[in-house]
Amino acid sequence: MLHRKSPDGTILIGQPAHAWVSGQLARAWVEPFEPRDEVCLAAEQHDIAWIGWERSPERDPETGLPYTFSALPRLRRLELWSGAAAQLLPQSRYAALLVSLHGTLLVERFPPGGDEDVRRALADYLERERNFQARVTESLRGDPRYGAHSTVEAVERNRELIFTWDGLSLALLHGVVEERTAVGHTLRPVDGDPTRVTVDPWPFRVDDVALVCEGRVVRETFADERELRRGLAKAPWATIETRLAPA
């Protein structure tokens, strides 16, 4: 879950909602990629494993709010990541492969650290995912539709695109209130407005990109998980619209 400050309180944005914005960025991207539909599906579903957690989130005792993604205990994060590709597999092998690769890329580039239990869980996670990736890649390479897009180079390129859209979505949804750099792009709010942001270099097909996302607004913290879930059930929804433009 993401926490975004607003004049009305804290907007709680679910991981799957953030992934939806990643998919919107993918569909607006200027650089061609193939297979297009499957890569876009992976972008917008890369946090599919979080759907159950988001329906009944765990409370962070440090904040009195649901855990953010980065604050969630490491073992719990790995447990959730482990289910992502399997949940997407019935929709698309190629999308499931990219989601699995995205998860392993994140833990390889940003190791979670921790004690021996975490290191053992991480090693088990990587072994399971790499075995899954090998099986799915083998099946894709024998498929006329996917063979050309399942080479090491093609898959690596698509994995990097998922990583880029993920990073841009996270930066934008947290609220760009001052200039910042995200995955090689400089983001600047227009007149300090986080709903109007310029992007440099400009990576999209058109000169105006509109993104939409939803979250729930809370104005208080919660003493326990029962109170948290009761509060979330009553919390009003907020629609976050962000317009992107060239610098």
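A cavity here is a set of grid points where a 1.4 Å probe fits but cannot get out. With that in mind, let us look inside this predicted model, which holds 2 cavities of 30 Å³ or more.

The table sets the two side by side.

| Cavity | Volume | Lining by class | Largest share of the lining |
|---|---|---|---|
| Largest | about 80 Å³ | 6 nonpolar, 4 polar, 2 charged | helix 6, 5 residues |
| Second largest | about 30 Å³ | 7 nonpolar, 1 polar, no charged | strand 8, 3 residues |

**The largest cavity**

Which residues line the largest cavity? They are His46, Asp47, Trp81, Ala84, Ala85, Val99, Ser100, His102, Gly103, Leu106, Tyr125 and Glu129. Two or more lining residues come from each of helix 5 (84-88), helix 6 (93-109) and helix 7 (116-141). Helix 6 gives the largest share, with 5 residues. By class, the lining of the largest cavity has 6 nonpolar, 4 polar and 2 charged members.

Helix 6 deserves a visit of its own. Its 17 residues should span 24 Å at 1.5 Å a residue, and the end C-alpha atoms are indeed 24 Å apart, so the two values agree. Helix 6 is also mostly covered, with 14 of its 17 residues buried. At its N-terminal end you will find a cap: a side-chain oxygen of Ser92 lies 3.4 Å from the backbone nitrogen of Tyr94.

**The second largest cavity**

Moving on, the second largest cavity has a volume of about 30 Å³. Its lining is made up of Val21, Leu172, Leu173, Leu211, Val212, Cys213, Ile240 and Thr242. At least two of these residues come from each of helix 8 (152-174), strand 8 (209-218) and strand 9 (237-246). The largest share, 3 residues, belongs to strand 8. The class make-up is 7 nonpolar residues and 1 polar residue, with no charged ones.

**Helix 1**

Val21 appears in the lining of the second largest cavity, and helix 1 covers residues 15-28. How many residues of helix 1 are buried? The count is 11 of 14, so helix 1 is largely enclosed by the rest of the structure. Val21 is among the buried residues, together with Gln15, Ala17, His18, Ala19, Ser22, Gly23, Gln24, Leu25, Ala26 and Ala28. From its first C-alpha to its last, helix 1 reaches 20 Å, close to the 20 Å expected at 1.5 Å a residue.

Notes: Residues are numbered from 1 along each chain as its sequence is written. This is a predicted model: local features need pLDDT of at least 70, side-chain atom pairs count only at pLDDT 80 or more; totals for chains, interfaces and linings use all residues. Side-chain values use heavy atoms; hydrogens and water are left out. On a 1 Å grid over the protein atoms alone, a cavity is a set of points where a 1.4 Å probe fits but cannot get out, and a pocket is an open set with protein on both sides within 12 Å along at least five of seven lines; lining residues have an atom within 4 Å of a point. Grid points are joined across faces, edges and corners, and a volume is the space filled by probe spheres set on the points. Ala, Val, Leu, Ile, Met, Phe, Trp, Tyr, Cys and Pro count as nonpolar, Asp, Glu, Lys and Arg as charged, and the others, Gly among them, as polar. The expected span of a helix is 1.5 Å times one less than its number of residues. Buried means under 20% relative accessible area, exposed over 50%, partly exposed in between (1.4 Å probe, protein chains only). A polar contact is a pair of N or O atoms within 3.5 Å; within protein, one must be able to donate a hydrogen and the other to accept it, and residues adjacent in sequence count only if both atoms are side-chain atoms.
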